[in-house]
Amino acid sequence: MPHTSGAQTASVPARANQVVPATVTPLTARVARPRHYLMCRPSFFEVTYAINPWMDPSVPVDLDLAMRQWEGLRDAYRALGHTVSFIEPVTGLPDMVFAANGALIVDGKVLAASFLAAERQPEGPAYTRWLAEADMFSEFGTTSTVNEGEGDFLDLDTVILAGTGFRTSRAAHGEAQEFFGKPVVSLQLIDPRFYHLDTAVAILGEHDIAYYPGAFSAGSNAVLRRMFPEAITVDEAEAATFSMNSVSDGRNVVIPVESVRFAAALRDRGYDPIPVELSEFRKSGGGPKCCTLELRW
Ligand code: ARG
């Protein structure tokens, strides 16, 4: 509290060592930590195949709009003080814009992605090459079965949450645990619209998440309740706005502009929602988080 001569203190001069009451800080004061993200310009973005229920090749994509929306996401990260690096897009790889799937990076160690769909398989080596050439990472690993990077692996302080059911195999969860030496908790996805874990869970803080219970099996819901009894949960309509596909720096949470109820829940918990417009990418089953790979080094 500033030492000004306000009405209440004007007649009572402050003593030299007087204890000044601290400004009241909400219990939920959140601290942002600067991040380093990798993004891929959507130069070749289109929907020409369907590997999730959101994709319909007969629905046209507005590439100019997609480009502006992607630039808006990039600019939002920069405005928050984050570093953004870029991987060169490759022709014929329309989903390469979804950088989250390119790898999983924890503690400077890179677990290379291995995609389920033949159409996306070449993305794995493209991302691995960029990450190797970046000369930032100590160790590289692979899995013997399907793993779609940060799409299905979400890093918290002491555990990694991992999704399976549509893309990443349960066996890959075990391989990830062995590689990182960090506990990996397997969660069973059951709704094809929420085919990647990052469409059903949002990481907000070191040990704080939001999730859509309808995306998970009964047992996995019980696990989530046990681990995160205080978590924000969203209903189906809010999940369908891709609200869970959000990117938090510990305080600022970049969310789809349509996720208004989630935004209100975040504000209640002391987070600052940062809405972005990414409607063109929803046509491919993607939101802000899908377009973002965090480089943890
Ligand atoms: N069309 C892409 C696919 O189905 C979207 C990937 C979204 N990425 C994500 N991290 N959820 O593979």
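**Notebook: loops, sheets and a ligand shell**

I began with Asp135, which lies in the loop between α2 (123–133) and β5 (139–141). This is a predicted model, so I keep in mind that I am reading computed geometry. Asp135 has a positive phi of about 60° although it is not a glycine. That caught my eye, because most residues other than glycine have a negative phi. Is Asp135 buried or exposed? I found 6 C-beta neighbours inside 10 Å, so Asp135 counts as exposed.

Next I turned to Phe242, in the loop between α5 (236–239) and β12. Phe242 is also not a glycine, yet its phi is positive, at about 70°. Here I counted 28 C-beta neighbours inside 10 Å, and therefore Phe242 goes down as buried.

From β12 I moved on to its sheet. I noted an open sheet of 3 strands in the order β12-β13-β14, with mixed pairing. β12 (247–248) and β14 (272–276) stand at the edges with a single partner strand each, so one side of each has no neighbour in the sheet. Strand β13 (residues 252–256) pairs with β14 in the parallel sense over 5 bridges. Looking for a landmark in this pair, I saw Ile255 opposite Pro275 in β14. Helix α6 (residues 260–268) packs on this sheet and touches β13 and β14. I read about 155° between the direction of α6 and that of β14.

Then I looked up strand β7 (residues 160–164). How many of its 5 residues are buried? I got 4, so β7 is largely enclosed by the rest of the structure. On one pairing, strand β6 (residues 153–155) meets β7 in the antiparallel sense over 3 bridges, and the two form a hairpin with 4 residues between them. Leu154 stands opposite Leu161 in β7. Strand β8 (residues 184–188) runs parallel to β7, joined by 5 bridges, with Ala162 opposite Ser186 in β8.

For the core, I looked at the largest nonpolar one, which has 71 residues. Those touching the most other members are Ala99, Ala103, Leu189, Ala200, Val201, Met244 and Cys291. I followed Cys291 further: leaving out residues up to four places away in sequence, its contacts include Trp70, Phe98 and Phe281.

Last came the ligand. Which residues are the closest to the ligand? I wrote down Phe98, Ala100, Gly151, His196 and Cys290, out of 16 that surround the ligand. The shell divides into 5 nonpolar, 8 polar and 3 charged residues. Phe98 turned up twice in my notes, as a contact of Cys291 and in the ligand shell.

Key:
Residues are numbered from 1 along each chain as its sequence is written. This is a predicted model: local features need pLDDT of at least 70, side-chain atom pairs count only at pLDDT 80 or more; totals for chains, interfaces and linings use all residues. Two strands pair if DSSP finds at least two bridges between them. Two residues are in contact if their C-beta atoms, placed from the backbone, lie within 7 Å. Axes are lines fitted to C-alpha atoms, for helices over the stretch in contact, and angles run from 0 to 180 degrees between N-to-C directions. A residue is near a molecule or strand if its C-beta atom, placed from the backbone, lies within 6 Å of it. Ala, Val, Leu, Ile, Met, Phe, Trp, Tyr, Cys and Pro count as nonpolar, Asp, Glu, Lys and Arg as charged, and the others, Gly among them, as polar. A nonpolar core is a set of buried Ala, Val, Leu, Ile, Met, Phe, Trp, Tyr and Cys residues joined through C-beta atoms within 7 Å. A residue is buried if 20 or more other C-beta atoms lie within 10 Å of its own, exposed if 12 or fewer, and partly exposed in between; C-beta atoms are placed from the backbone.
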